[in-house]
Amino acid sequence: MGESVSNTQGGYQGSNASASAGSTGTGYEAKASASYETWKGTHGSQVGGGGTTVHNTTDYLTATAAGKIGAMTGVEAKANLVEAKDQSGRVTIGLDATTQLGYDTQAGSVKASLLGFGVSAGKEIGISTPLFSFTWTPWG
């Protein structure tokens, strides 16, 4: 019978702000973002000889503004109360006015959205409204 081991580690970080602009290899992007508090953690489980490690992040009170030209063209304005993500997907609750159309080379998906309502299909599958979004990455 195999041995079972589980551990969790992580912690909170305080206020965070960043701004960036430049070439992404497939186009150009300008982005500014800020978050009040972030939880970053790792949870690992091992049963017998196999194991799973899940890296997760939860951001509270975030704001993002961005413009992109290239493989993924559009504008984005977000203010989220909570954004939780791990290797298999992402869930956000907040206000989102993203407008974009194109192929996201990082996500490997076609995405379309207008004023926060949108869908994505491909390696990443998702649906969004101005108040809530859900993204699933079944082929991680």
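**Close-up views of an all-strand chain**

**Figure 1. Ala 77 in its strand.** Ala 77 is placed in strand β5, which covers residues 72-86. The model shown here, as in the other views, is predicted. With a relative accessible area of 37%, Ala 77 is partly exposed, because this class lies between the limits of 20% for buried and 50% for exposed residues. Leaving aside residues up to four places away in sequence, Ala 77 touches Thr 64, Leu 95, Asp 96, Ala 97 and Thr 98. Ala 63 lies 14 residues from Ala 77 along the chain, and the C-alpha atoms of the two are separated by 7.6 Å.

**Figure 2. The chain as a whole.** The secondary structure consists of 11 strands and 0 helices. Followed along the sequence, the pattern therefore reads as β repeated from start to end, β-β-β-β-β-β-β-β-β-β-β. The chain has 140 residues, of which 27% are buried. Its exposed surface comes to about 8600 Å², and carbon and sulfur atoms supply 61% of that area. Of the contacts between residues at least 6 apart in sequence, 42% join residues at least 24 apart.

**Figure 3. The cavity and its lining.** A search of the whole structure yields 1 cavity of 30 Å³ or more. The volume of the largest cavity is about 40 Å³. Its lining is formed by Asn 80, Thr 92, Gly 94, Asp 96, Thr 129, Pro 130, Leu 131, Phe 132 and Ser 133. By residue class, the lining holds 5 polar, 3 nonpolar and 1 charged. Strands β6 (89-96) and β11 (132-136) each contribute at least two lining residues. The largest share, 3 residues, comes from β6.

**Figure 4. Ser 133 beside the cavity.** Ser 133 belongs to strand β11 and is among the residues that line the largest cavity. Ser 133 counts as buried because its relative accessibility is 11%, and the limit for this class is under 20%. The side chain of Ser 133 makes a polar contact of 2.4 Å with the side chain of Thr 92, and Thr 92 is likewise one of the lining residues of the largest cavity. When residues up to four places away in sequence are not counted, Ser 133 touches Arg 90, Val 91, Thr 92, Ile 127 and Ser 128.

Key
Residues are numbered from 1 along each chain as its sequence is written. This is a predicted model: local features need pLDDT of at least 70, side-chain atom pairs count only at pLDDT 80 or more; totals for chains, interfaces and linings use all residues. Side-chain values use heavy atoms; hydrogens and water are left out. On a 1 Å grid over the protein atoms alone, a cavity is a set of points where a 1.4 Å probe fits but cannot get out, and a pocket is an open set with protein on both sides within 12 Å along at least five of seven lines; lining residues have an atom within 4 Å of a point. Grid points are joined across faces, edges and corners, and a volume is the space filled by probe spheres set on the points. Helices (H or I, at least four residues) and strands (E, at least two) are DSSP runs, numbered from the N terminus. Ala, Val, Leu, Ile, Met, Phe, Trp, Tyr, Cys and Pro count as nonpolar, Asp, Glu, Lys and Arg as charged, and the others, Gly among them, as polar. Buried means under 20% relative accessible area, exposed over 50%, partly exposed in between (1.4 Å probe, protein chains only). Contact means heavy atoms within 4.5 Å. Accessible areas come from the Shrake-Rupley method with a 1.4 Å probe; for residues, only the protein chains shown count as cover. A polar contact is a pair of N or O atoms within 3.5 Å; within protein, one must be able to donate a hydrogen and the other to accept it, and residues adjacent in sequence count only if both atoms are side-chain atoms.
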